[in-house]
Amino acid sequence: MPPDALVFCKPDGQPLRPQRIPDRLRQLSAEAGVPTIRVHDRRHLAATIPITAGVPLVTVSKTLRHGTLSTTANIYDYLTRQAAHDAVDTIAAVLAAADKNTTHSHWPRWLRPQADGTTKKAVSASLRKRPPTCENAGRDDRI
């Protein structure tokens, strides 16, 4: 396909009237009995599905033909933030599971967990608490 070829055109290659595409999409939606979705909303959907499925942002950005990766990152920031939180939660779960299955024999005795999960040397409660910004604000600021 030549680079200047139109995505939507008449059979002879001539451009369509601009309103033709949304009109046809409304008509097809009505025939199918589904809600009408604007063309631009379909573009967002085409970005949202791969981002939430874990497709690298750079790939999604190129697919959408954004000029810069930062454009994609700024528009879909809420999705990438959620993916980052999910990644942190997954890493935390994997590390916690690995910690339970390890004897820590290479650690100094005073640092090794006891049968009840504590260590011989008590750790101050203030060191065990999460930072106040995370705890008091009710949000997860690990990222």
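Reader: In what order do the elements of the protein run from the N terminus on?

Author: In this predicted model, the elements run α-α-α-α-α-α-α from the N terminus on. The secondary structure thus comes to 7 helices and 0 strands.

Reader: What share of the residues in the protein is buried?

Author: A residue is called buried when its relative accessible area is under 20%. Of the 143 residues in the protein, 9% are buried. The accessible surface comes to about 11,400 Å², and carbon and sulfur atoms hold 60% of that surface.

Reader: Which residues make up the largest nonpolar core?

Author: The general idea is that nonpolar side chains tend to be buried together in soluble globular proteins. Here the largest nonpolar core has 6 residues: Ala47, Ile51, Val60, Leu64, Tyr76 and Leu79. Two or more residues of this core come from each of the elements α2 (39-52) and α3 (57-64). Within the core, alanine 47 is in contact with Val60, Leu64 and Tyr76, when its neighbours within four places in sequence are left aside.

Reader: Why does valine 39 count as partly exposed?

Author: The class between buried and exposed runs from 20% to 50% relative accessible area. Valine 39 counts as partly exposed because its relative accessibility is 41%. This residue lies in helix α2.

Reader: Which residues does valine 39 touch, not counting those up to four places away in sequence?

Author: Valine 39 touches Ile21 and Leu25 on that count. Valine 39 and isoleucine 21 are 18 residues apart in sequence, while their C-alpha atoms are 8.4 Å apart in space.

Terms used
Residues numbered from 1 in each chain as written. Predicted model: local features only at pLDDT ≥ 70, side-chain atom pairs only at ≥ 80, totals over all residues. Heavy atoms only, no water. Helix = DSSP H or I, 4+ residues; strand = E, 2+ residues; numbered from the N terminus. Buried < 20%, exposed > 50% of the residue type's maximum accessible area, 1.4 Å probe, protein only. Areas by Shrake-Rupley, 256 points an atom, 1.4 Å probe, with all protein chains shown as cover. Core = buried A, V, L, I, M, F, W, Y, C linked by side-chain atoms within 4.5 Å. Contact = heavy atoms within 4.5 Å.
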